Amino acid sequence: MVFSALFLVSVAVWAQYETNVIPFNGLVVDMLGQPLRNVRVFTFDRHFYSISDRKGRFGLSNVQDSDTIHIIYHRRQYDIPVDGRKSMRIVLGDQYVEQVTQSVELVNLGYGYVSRRESVSSSAGITGEMLRRTGCVRILDALQGLVPGLSVTTNMMGEPTVYIRGINSINCDTTPLYIVDGVEVSSLEMINIYDVESVEVMKDAYIYGSRGANGAILITTLTGRSGPNY
């Protein structure tokens, strides 16, 4: 009975995540229609990107109508305004973008199109504006849609369980280390998402010893930007 309730809560949380995170699918091909592999695609943060697969496919999340898609191929960058498109089929010439169209097929395929979407480095820098653009109220819920590998579930008491690297510590606790303006805290629930300037999610946080076995989430607030830099 308890398991069923926890399962339903997890499903509800994932459903909310799916609602807040909008998939944006794309395809990059050359002038002959051949897919281009290993094209880096991002919007306003080059550290948060997608890489096209062997079929030229890529996926992003929460792309806004007014954003610009940046793609890097063979050390050359191309900037393509979204202009309200919900997907992109991009034809690259030798030195310029030959054609950009929206594909209904790409839109309809949703999350099933690209199995692995955005990638980030082991330490991902996220701005407060990126958090707020997800539409989430809680910081952890917003991060779940921005950091691959980070999972948040909520129990019946409304308490979150967070996974960054999985179960690493000897007591099977999965809670990462939380540091706000250089001070370790037990929870992020009291931090207003509108007060956040930046977030760094560290999947490898062994610089903090055993406390960082499950990773770390470092938050700098707008009022604490001049505090200690960890």
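What share of the 230 residues of the chain counts as buried? In this predicted model, the figure is 43%. The chain is built from four helices and 16 strands. Its exposed surface comes to about 12700 Å², with carbon and sulfur atoms supplying 52% of that area. Among the contacts with a separation of 6 or more, 57% join residues that lie 24 or more positions apart.

A good place to begin a tour is one of the sheets. Here four strands, in the order β4-β1-β7-β8, make up an open sheet with mixed pairing. Strands β4 (57-61) and β8 (97-101) stand at its edges; each has a single partner strand, so one side of each is left without a neighbour in the sheet. From one strand to the next, the twist averages 20°. At the β8 edge, the partner is β7 (residues 87-92), and the two pair in the antiparallel sense over four bridges. Within this pairing, R89 is found opposite T101 in β8.

Attention now turns to a single residue, I193, which sits in the loop between β14 (183-185) and β15 (196-202). Is this loop residue buried or exposed? I193 counts as buried because its relative accessibility is 2%, below the cut-off of 20%. Beyond its neighbours within four places in sequence, I193 is in contact with L131, R132, C136, V137, R138, I139 and A142. One of these, C136, is 57 residues away from I193 along the chain, yet the C-alpha atoms of the two are separated by 8.6 Å.

Note on methods:
Residues are numbered from 1 along each chain as its sequence is written. This is a predicted model: local features need pLDDT of at least 70, side-chain atom pairs count only at pLDDT 80 or more; totals for chains, interfaces and linings use all residues. Side-chain values use heavy atoms; hydrogens and water are left out. Buried means under 20% relative accessible area, exposed over 50%, partly exposed in between (1.4 Å probe, protein chains only). Contact means heavy atoms within 4.5 Å. Accessible areas come from the Shrake-Rupley method with a 1.4 Å probe; for residues, only the protein chains shown count as cover. Two strands pair if DSSP finds at least two bridges between them. Axes are lines fitted to C-alpha atoms, for helices over the stretch in contact, and angles run from 0 to 180 degrees between N-to-C directions.
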